[in-house]
Amino acid sequence: MIPLKVSPDAAPGSGAGGVPRHVAIIMDGNGRWAKARHLPRAAGHRRGVEAVRKVVRKAGELGVQVLTLYAFSSENWRRPAEEISDLMGLLRHFIKADINEIAEAGIRIKVIGDYRAFQDDVVKLIDGAIERTAANSGTTLAIALNYGSQNELAGAARRLAERVRAGEIAADAITPEAIERELYTADLPPVDLLIRTSGEHRLSNFLLWQAAYAELLFVDTLWPDFGSDEFVAALDDFARRERRFGGV
């Protein structure tokens, strides 16, 4: 195993023996984990929360600047109402049970996506967690809630088009940098490493812009079984890769 450390001579996120600045994870496989054990899907989601706790702690220990987790996509509203209710209950429990540890660990919580579509009490809990950790300077835990990358990009395009129509900017001022400033992740570095668990090989409308030059890693492990060792192995894999960003 390659020892993970932040190298003072390596460019941030370069993979030159260092830790990626921004790791994003599509946490997939909760339902299959439960089905394999003849348990309800809710049991898989509960076990998945334990995996979240392990990975968040390990990310902080290793010096990952940003950890983005795909928790609830804009397409997840198509799931059965009972499952959505279970997921919202788990979100409530996670915030209430873990906010003290998260805040004391110096972790900053950020949410990407239109979480205000959730029930009022959930929105209030999320707002409180964001406010309580806003001044923290450790790892940023970005949680994607009611998030879809295509909607995010369409919203950015609309806002820039409205500014052009209002005469605030010229059309040729719509650059990649201008689009990035309109995204939920405007204050975050680009994704360096994107992991998807459970053996699926697709991005599922997750951080399509932000992961333009990300290293992609697809692992067979179901999310409830993904822990500290698996996370370290993923970062080891990243450290072995050579990133060229279009160069030679």
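Start your tour of this predicted model by selecting Arg116, which sits in the loop between S3 and H4. With a relative accessible area of 51%, Arg116 is exposed, because the cut-off for that class is over 50%. Keep Arg116 selected and add Phe206: the two are 90 residues apart along the chain, and their C-alpha atoms are separated by 19 Å.

**Next stop: the cavity**

Now look for internal space. The structure holds one cavity of 30 Å³ or more, and the largest cavity has a volume of about 80 Å³. To see its walls, select Leu91, Phe94, Ile95, Ile99, Ile102, Ile109, Val111, Ile126, Ala129, Ile143 and Leu145. Two or more lining residues come from each of these elements: helix H3 (81–104), strand S3 (108–112), helix H4 (120–133) and strand S4 (140–147). Which element gives the largest share of the lining? That is H3, with five residues. Try colouring the lining by residue class: you will find 11 nonpolar residues, no polar ones and no charged ones.

**Along helix H3**

Stay with H3 and show its backbone. Put a distance label between its end C-alpha atoms, and the model gives 35 Å; at 1.5 Å a residue, the 24 residues of H3 should span 34 Å, so the two values agree. Then centre the view on Asp98, where H3 bends by about 55°. Move on just past the end of H3 and pick Gly106, which takes a positive phi of about 80°.

**From H3 to H2**

Go back into H3 and select Glu83 together with Arg41. These two form a salt bridge, with their closest N and O atoms 3.0 Å apart. The pair links distant parts of the chain, as Arg41 belongs to helix H2 (residues 41–62) and Glu83 to helix H3, 42 residues away. Are the two partners buried or exposed to some degree? Glu83 counts as buried, at 8% relative accessibility, while Arg41 is partly exposed, with a relative accessible area of 39%.

**Arg32 and its two partners**

Salt bridges are worth a longer stop, as the structure holds 23 of them. Select Arg32 next, and show the side chains of Asp28 and Glu200 with it. Arg32 meets Asp28 in a salt bridge of 3.1 Å, N to O. Arg32 also meets Glu200 in a salt bridge, here at 3.3 Å, N to O. Arg32 lies in helix H1 (residues 30–36) and Glu200 in the loop between strand S5 (193–196) and strand S6 (215–218), so this pair ties together parts that are 168 residues apart in sequence.

Switch to a surface view and compare the three. Asp28 counts as buried because its relative accessibility, 17%, is under the 20% cut-off. Glu200 is partly exposed, with a relative accessible area of 21%, and Arg32 is partly exposed too, with 36%.

**Last stop: a network**

Finish by selecting Arg21, Asp192, Glu215, Asp237, Arg240, Arg241 and Arg243 in one go. What links these residues? They are joined in a network of salt bridges. Show the side chains and follow the contacts from one residue to the next.

Methods. Residues numbered from 1 in each chain as written. Predicted model: local features only at pLDDT ≥ 70, side-chain atom pairs only at ≥ 80, totals over all residues. Heavy atoms only, no water. 1 Å grid on protein atoms, 1.4 Å probe; cavity = no way out; pocket = protein on both sides within 12 Å on 5 of 7 lines; lining within 4 Å. Points joined across faces, edges and corners; volume = space filled by probe spheres on them. Helix = DSSP H or I, 4+ residues; strand = E, 2+ residues; numbered from the N terminus. Nonpolar A, V, L, I, M, F, W, Y, C, P; charged D, E, K, R; others polar. Expected span 1.5 Å × (residues − 1). Bend = angle between axes of the 7 residues up to and from the residue. Salt bridge = Lys/Arg side-chain N within 4 Å of Asp/Glu carboxyl O. Buried < 20%, exposed > 50% of the residue type's maximum accessible area, 1.4 Å probe, protein only.
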